[in-house]
Amino acid sequence: MRRAKYDKSVAIQGSQVCDCCDPVRQQTVESESQERLARNEAFFRQVNERINDVSVPGDDGHQFLCECADPGCTERIILTTAEYEWVRAKPTRFVLARGHVAPELEHVVEREGDHVVVEKSGIAARIATKLNPRAAET
Ligand SMILES: [Zn+2]
């Protein structure tokens, strides 16, 4: 019968809250995205550590990657080994191409040629310290 069929579809519609509409999740988006950005930067730092490992100390300079929060950034920065080591001396210090600074994560401590050196604050500083690839060495 027609009527029975109709009732059935109403029963199926019973309300269910989906994951994407969960209000608790939406509140944490801001700190989550800061964390994601900080992790991107930590990833580029790790790539640069590899570059530094295979570089011969004492020559004119090497191409490092910009350590900004943009995962698609392919900007290169020329640093000598000494300059790079100075940046890495502090776990919260990163080197970026000019104009790539994210003020909500970091502040500029040094401007040099085509790059800037920044230091992290807040959540980003905590993540940078936690993911420090040199933490085991000291
Ligand atoms: Zn960049």
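Which helix is Glu 35 found in? Glu 35 sits in helix α3, and we'll come back to that spot below. First, the ground rules: what you're looking at is a predicted model. The mean pLDDT of the protein is 82, with 74% of the residues at 70 or more. In secondary structure terms you get 5 helices and 5 strands, and from the N terminus on they go α-α-α-β-β-α-β-β-β-α.

**Confidence and overall make-up**

- Residues 8-15 are the stretch to be wary of, since pLDDT stays under 50 there.
- The model also has 0 contacts for residues 8-15 beyond four places in sequence.
- As a rule, where pLDDT is low, the predicted coordinates should not be read in detail.
- The protein has 138 residues, and 23% of them count as buried.
- Take the contacts between residues at least 6 apart in sequence: 48% of these join residues at least 24 apart.

**The largest nonpolar core**

- The largest nonpolar core holds 22 residues, and the ones touching the most other members are Ala 38, Val 95 and Leu 96.
- Two or more residues each come from α3 (29-54), β2 (76-79), α4 (81-88), β3 (93-97), β5 (115-120) and α5 (122-130).
- Of these, α3 gives the most, with 4 residues.
- As general background, nonpolar side chains tend to be buried together in soluble globular proteins.
- Ala 38 has contacts with Leu 105, Ile 123, Ala 124, Ile 127 and Ala 128, once its neighbours within four places in sequence are left aside.

**Helix α5 and its meeting with Glu 35**

- Which residues of α5 are buried? They are Ala 124, Ile 127 and Ala 128.
- These buried residues cover an arc of only 100° around the axis, so they end up on the same side of α5.
- The general background here is that an α-helix has 3.6 residues a turn, so residues three or four places apart point the same way.
- Ala 124, Ile 127 and Ala 128 are also among the contacts of Ala 38.
- Back to Glu 35: it touches Ile 123 and Ile 127, not counting residues up to four places away in sequence.
- Glu 35 and Ile 127 are 92 residues apart along the chain, yet their C-alpha atoms are separated by 7.3 Å.
- Is Glu 35 buried, exposed or partly exposed? Glu 35 counts as partly exposed because it has 15 other C-beta atoms within 10 Å.

**The β1-β2 pair**

- β1 and β2 run antiparallel and are joined by 4 bridges.
- One of the bridge partnerships links His 62 with Leu 79 in β2.
- Strand β1 (residues 62-65) has two faces: His 62 and Phe 64 make up the covered one, while Gln 63 and Leu 65 are on the uncovered one.
- Over in strand β2 there's Arg 76, which touches Gln 63, Phe 64 and Leu 65, not counting residues up to four places away in sequence.
- Arg 76 and Cys 66 are 10 residues apart along the chain, and their C-alpha atoms are separated by 5.7 Å.
- Arg 76 counts as partly exposed because it has 14 C-beta neighbours inside 10 Å.

**The three-stranded sheet**

- In what order do the 3 strands of the open sheet run? The order is β3-β5-β4, and the pairing is antiparallel.
- β3 and β4 stand at the edges with a single partner strand each, so one side of each has no neighbour in the sheet.
- From one strand to the next, the twist averages 30°.
- β3 and β5 pair over 5 bridges, in the antiparallel sense.
- Arg 93 stands opposite Glu 119 in β5.
- Strand β4 (residues 106-112) is where you'll find His 107.
- Leaving out residues up to four places away in sequence, His 107 touches Val 118, Glu 119 and Ser 121.
- His 107 and Val 118 are 11 residues apart in sequence and 5.2 Å apart in space, C-alpha to C-alpha.
- His 107 counts as exposed because it has 10 C-beta neighbours inside 10 Å.

Definitions and conventions:
Residues numbered from 1 in each chain as written. Predicted model: local features only at pLDDT ≥ 70, side-chain atom pairs only at ≥ 80, totals over all residues. pLDDT = per-residue confidence, 0-100. Contact = placed C-beta atoms within 7 Å. Core = buried A, V, L, I, M, F, W, Y, C linked by C-beta atoms within 7 Å. Buried ≥ 20, exposed ≤ 12 C-beta atoms within 10 Å, placed from the backbone. Arc of directions from axis to C-beta. Pairing = 2+ DSSP bridges. Axes fitted to C-alpha atoms, helices over the stretch in contact; angles between N-to-C directions.
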